[in-house]
Amino acid sequence: MPETPYCPLLSIEKEVPVLCQEELCMWYVKQLKLCAITVTAYANALNLQMPQAGSASQTPVQKPQQAPQTQQIKPTLTNKPPEKPKATNPFALDDLD
């Protein structure tokens, strides 16, 4: 197996995969030594594997009926939708200069 990975973009519909151009490519992330397309795909795959907390227990949202003209509607701040847990990105570049 070669040390240089194959380019997922240039290898589309090719019989022989095309090698990554590394630092000559705009999609190459030098700090990670990986292709940005590969990093994005991997991070999205990890998000798909995370269980969706509360998605099955949510009730369908009902449309509010139109109120009469004389009644004022006050917004309620207590009915916030539940926040989705944020997945940690294994490719975060926070510690880089």
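## Exercises on a small set of elements

The protein has one helix and two strands, where helices (H or I, at least four residues) and strands (E, at least two) are DSSP runs numbered from the N terminus. This is a predicted model: local features need pLDDT of at least 70, side-chain atom pairs count only at pLDDT 80 or more, and totals for chains, interfaces and linings use all residues. Residues are numbered from 1 along each chain as its sequence is written, and side-chain values use heavy atoms, with hydrogens and water left out.

**Exercise 1.** Work out in what order the elements run from the N terminus, and what share of the residues is buried.

*Solution.* Start with the order: it goes β-β-α. Next, burial. Buried means under 20% relative accessible area, exposed over 50%, and partly exposed in between (1.4 Å probe, protein chains only). Of the 97 residues, 10% are buried.

**Exercise 2.** Take helix H1 and find its buried side, what covers that side, and what sits on the face turned away.

*Solution.* First, the length: H1 covers residues 36-49, and its 14 residues reach 20 Å from first C-alpha to last, close to the 20 Å expected at 1.5 Å a residue. That expected span is 1.5 Å times one less than the number of residues.
Second, pick out the buried residues of H1: Ala36, Val39 and Ala43. They cover an arc of only 60° around the axis, so they lie on the same side of H1; the arc is that of the directions from the helix axis to the C-beta atoms. The general rule helps here: an α-helix has 3.6 residues a turn, so residues three or four places apart point the same way.
Third, look at the cover, which includes E1 and E2.
Last, flip to the face turned away from the buried side, and you'll meet the exposed residues Leu48 and Gln49.

**Exercise 3.** Glutamate 22 and lysine 33 each have a positive phi; place both and say how exposed they are.

*Solution.* Some background: most residues other than glycine have a negative phi. Glutamate 22, not a glycine, has a phi of about 50°. It belongs to the segment before E1 and is partly exposed at 28% relative accessibility. Lysine 33, not a glycine either, comes in at about 55°. You'll find lysine 33 in the loop between E1 and strand E2 (34-35), and at 61% relative accessibility it is exposed.

Definitions and conventions
Contact = heavy atoms within 4.5 Å.
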